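Trainee: I have a model open and some basic questions. Can we go through them one by one?

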Amino acid sequence: MLMAYSFTLPSSAGRDFVSDEHLPLVLYFYPKDHTPGCTTEGRDFQARLADFQALGYTVAGVSRDSVKTHQNFCAKQGFQFELLSDGDETVCRLFDVIKLKKLYGKESLGIERSTFVLDKNGEVVREWRKVKTAGHAQEVLDTLRAASDNQAR
C-alpha cells in the first residue's frame, strides 16, 4: 500500500520547505552535516542535480542539524538543493528512519541513512534503507530514468 506524506520543515534556504510544493521529490535522510559519509552523499546528489531536475524531481536532504549548520554545510560544499532541519525528529519518525545504532560499543538513537522517492501525489513509490553512500545517488537516478523510460513507452 502506498502512503502519502506531507510535511513542512525549516530549510537551509531560510524559509519553510513545504513538501507538497516540491513534488515529485527525492528525499534523503542522513546522520550529520560536515561528516565524511554525509559530505560524500551530498556531493554525489549535487553532481547529479541537473539530471534529477531534468526528470522533474526536486532533491532535498534531511537531518537533525540546525538550519544554521545546514547553511554552513551548503555554502562549504556548494550544494544547490535544500537541506531540511528536523530537530525534533517529526519527519524522521514519520518515515521511520530513527534507529538504534551502535558506535564504539555505545548504543544511541540516530538517523539510518535512507532515501525515498515521492511521486506527484506525495506517495512513496521507492525507498532505500541502510544506504551505503558509494554509488547511491547514481542508483537513485538510474532507477528514476528507468521508470521514466517505461512511462514514455
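**Cysteines and helix α3**

Mentor: Start with C92. Its sulfur lies 12 Å from the closest cysteine sulfur, that of C38, which is too far for a bond. Keep in mind that this model is predicted.

Trainee: How many disulfides does the structure hold?

Mentor: A disulfide needs two cysteine sulfur atoms within 2.5 Å. For C38, the nearest cysteine sulfur is that of C92, 12 Å away, and C38 is in no disulfide. The count of disulfides in the structure is zero.

Trainee: Is C92 buried or exposed?

Mentor: Buried means a relative accessible area under 20%. The value for C92 is 0%. So C92 is buried.

Trainee: And C38, buried or exposed?

Mentor: Use the cut-off of under 20% again. C38 has a relative accessible area of 2%, so C38 is buried.

Trainee: Which residues of α3 are buried?

Mentor: Helix α3 covers residues 67–77. Its buried residues span an arc of only 100° around the axis, so they sit on the same side of α3. They are H70, F73, C74 and Q77.

Trainee: Which exposed residues does the face turned away from that buried side carry?

Mentor: Look across the helix from H70, F73, C74 and Q77, which are buried. Exposed means over 50% relative accessible area. The face turned away carries K68, A75 and K76.

Trainee: What covers the buried residues of α3?

Mentor: One helix to look for is α1, at 36–47. Strands take part too. The cover includes α1, β4 (58–63) and β5 (82–85).

Trainee: What phi does G78 take?

Mentor: G78 comes just after α3. Its phi is positive, at about 75°.

Key: Residues are numbered from 1 along each chain as its sequence is written. This is a predicted model: local features need pLDDT of at least 70, side-chain atom pairs count only at pLDDT 80 or more; totals for chains, interfaces and linings use all residues. Side-chain values use heavy atoms; hydrogens and water are left out. Buried means under 20% relative accessible area, exposed over 50%, partly exposed in between (1.4 Å probe, protein chains only). Helices (H or I, at least four residues) and strands (E, at least two) are DSSP runs, numbered from the N terminus. The arc is that of the directions from the helix axis to the C-beta atoms. Contact means heavy atoms within 4.5 Å.
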